[in-house]
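Work through the exercises below with the sequence and the model side by side. Each task is followed by a solution that goes step by step.

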Amino acid sequence: MNRIRNIVILTGAGISAESGIDTFRDGGGLWEKHRVEDVATPEAFARDPNLVLRFYDMRREAIQQKEPNAAHVALAELDARWPGDLLIVTQNVDDLHERAGARRVLHMHGEHLNAWCTACDARSRWTGPLIDRPECPRCGGRALRPDIVWFGEMPYRMGEIYGALRGADLFVSIGTSGAVYPAAGFVRDARELGARTLELNLERSQGSGWFHETRLGPAGEIVPAWVEELLGGAGDPPPL
Ligand code: APR
């Protein structure tokens with residue numbers, strides 16, 4: 001990996017697995033325990049809002065009990081020390097990247113700790129429940145929903161993501177199954193745009209064939225090792 005200046009990192013549920021947050025598609029994962037169509041679609045919310053709000057209230061409460069792991073910490077260190085452009089595009093709706101100290105983070109699938117008012121479009125920091133239909137801090141209405149991108153909805157900030165991919169020398173995917181588009185397609189686009197591509201995952205994913213290189217193992221081990229390699233061990237990162 002020589003002459004790397006700009007990096008885009010895509011993260012998925014696998015990076016938070018060692019923090020005790022369920023992934024979606026592994027054995028015992030969230031989508032084995034719940035039908036996607038019952039809790040993670042706009043149709044489900046229209047049909048049974050209480051069920052959906054209760055589900056996300058539980059998830060919102062649970063993530064606040066979790067802590068960042070060594071993979072989040074390593075990416076935060078990379079973010080702090082990397083002199084080139086760097087963007088962590090996360091599909092995760094937890095806040096563990098930020099709590100580890102990362103700054104250059106974009107949540108393409110929304111955030112558990114936000115509520116979105118469908119009346120006035122404001123997004124408010126939200127740590128409590130939504131089931132009791134609290135007021136929107138901006139407009140006073142009672143139309144708050146989880147700020148989560150559900151199946152069938154458009155992921156956030158795609159223009160920014162593609163802007164970063166166009167400038168990337170290196171695209172790294174961490175802890176994602178490559179099952180959900182558009183994120184699953186970033187590797188192909190990054191390659192076509194000229195980036196080197198690296199996958200760090202527990203096991204081979206649906207998209208593994210698209211990467212120049214795949215390294216297998218738990219994120220808490222292989223991400224810190226990769227970051228250390230990239231930063232050149234102790235001291236300053238290699239000159240660009
Ligand atoms: N370290 C690294 N990778 C891991 C670990 C670990 N400790 N544990 C699990 N993984 C890997 C799994 O092998 C799997 O390939 O993480 C991946 C998790 O895949 P998914 O559960 O499908 O999660 P993700 O790819 O983030 O899902 C994408 O789907 O349901 C939607 O919106 C939701 O953002 C989510 C999107």
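**Exercise 1.** Determine how many cavities of 30 Å³ or more the structure holds, and describe what lines the largest cavity.

*Solution.* In this predicted model, the structure holds two cavities of 30 Å³ or more. Begin with the largest cavity, whose volume is about 100 Å³. There are 14 residues in its lining, and Ser 173, Thr 176, Gly 178, Ala 184 and Phe 211 are the closest to its centre. When the lining of the largest cavity is sorted by class, it divides into six nonpolar residues, seven polar ones and one charged.

**Exercise 2.** Describe the second largest cavity by its volume and by the classes of the residues in its lining.

*Solution.* The second largest cavity holds about 80 Å³ of space. Among the residues that line the second largest cavity are Ala 13, Ser 16, Ile 21, Asp 22, Phe 24 and Arg 59, and further along the sequence Asn 92, Val 93, Asp 94 and His 112. Sorting this lining by class gives five nonpolar, three polar and three charged residues.

**Exercise 3.** Find which space the ligand takes, and work out which elements give two or more residues to the lining of the largest pocket.

*Solution.* The ligand takes the space of the largest pocket. In a first step, note that this pocket contains about 810 Å³ of space and that 46 residues line it, with Ala 13, Phe 24, Arg 25, Thr 176 and Ser 177 nearest its centre. In a second step, look for the elements that give two or more residues to this lining, which are α1 (30-33), α4 (49-63), β8 (196-201) and α9 (219-231). Of the elements, α4 gives the most, with three residues. In a last step, sort the lining of the largest pocket by class, which yields 24 nonpolar, 15 polar and seven charged residues.

**Exercise 4.** Identify the residues closest to the ligand, and then find which atom of Thr 176 lies 2.6 Å from a ligand oxygen.

*Solution.* The ligand is surrounded by 23 residues, and the closest of them are Phe 24, Arg 25, Trp 31, Thr 176 and Ser 177. By class, this shell has nine nonpolar, 10 polar and four charged residues. Turning to single atoms, the side chain of Thr 176 has an N or O atom 2.6 Å from an oxygen atom of the ligand. For Leu 202, a backbone N or O atom lies 3.2 Å from a nitrogen atom of the ligand, while for Ala 219 a backbone N or O atom lies 2.8 Å from a ligand nitrogen atom. Finally, consider the surface of the ligand: taken alone it exposes 740 Å², and the protein buries 94% of that.

**Exercise 5.** Decide whether the peptide bond from Tyr 181 to Pro 182 is cis or trans, and whether the phi of Asp 121 is positive or negative.

*Solution.* As background, most residues other than glycine have a negative phi, and most peptide bonds are trans. The bond from Tyr 181 to Pro 182 is cis, with omega near 5°, and Pro 182 is found in the loop between β7 (170-174) and α8 (186-192). Asp 121, although not a glycine, has a positive phi of about 75°, and Asp 121 lies in the loop between β4 (110-117) and β5 (123-125).

Terms used: Residues numbered from 1 in each chain as written. Predicted model: local features only at pLDDT ≥ 70, side-chain atom pairs only at ≥ 80, totals over all residues. Heavy atoms only, no water. Near = heavy atom within 4 Å. Polar contact = N/O pair within 3.5 Å; in protein donor to acceptor, adjacent residues only side chain to side chain. Areas by Shrake-Rupley, 256 points an atom, 1.4 Å probe, with all protein chains shown as cover. 1 Å grid on protein atoms, 1.4 Å probe; cavity = no way out; pocket = protein on both sides within 12 Å on 5 of 7 lines; lining within 4 Å. Sits in = over half its atoms within 2 Å of the grid points. Nonpolar A, V, L, I, M, F, W, Y, C, P; charged D, E, K, R; others polar. Points joined across faces, edges and corners; volume = space filled by probe spheres on them. Helix = DSSP H or I, 4+ residues; strand = E, 2+ residues; numbered from the N terminus.
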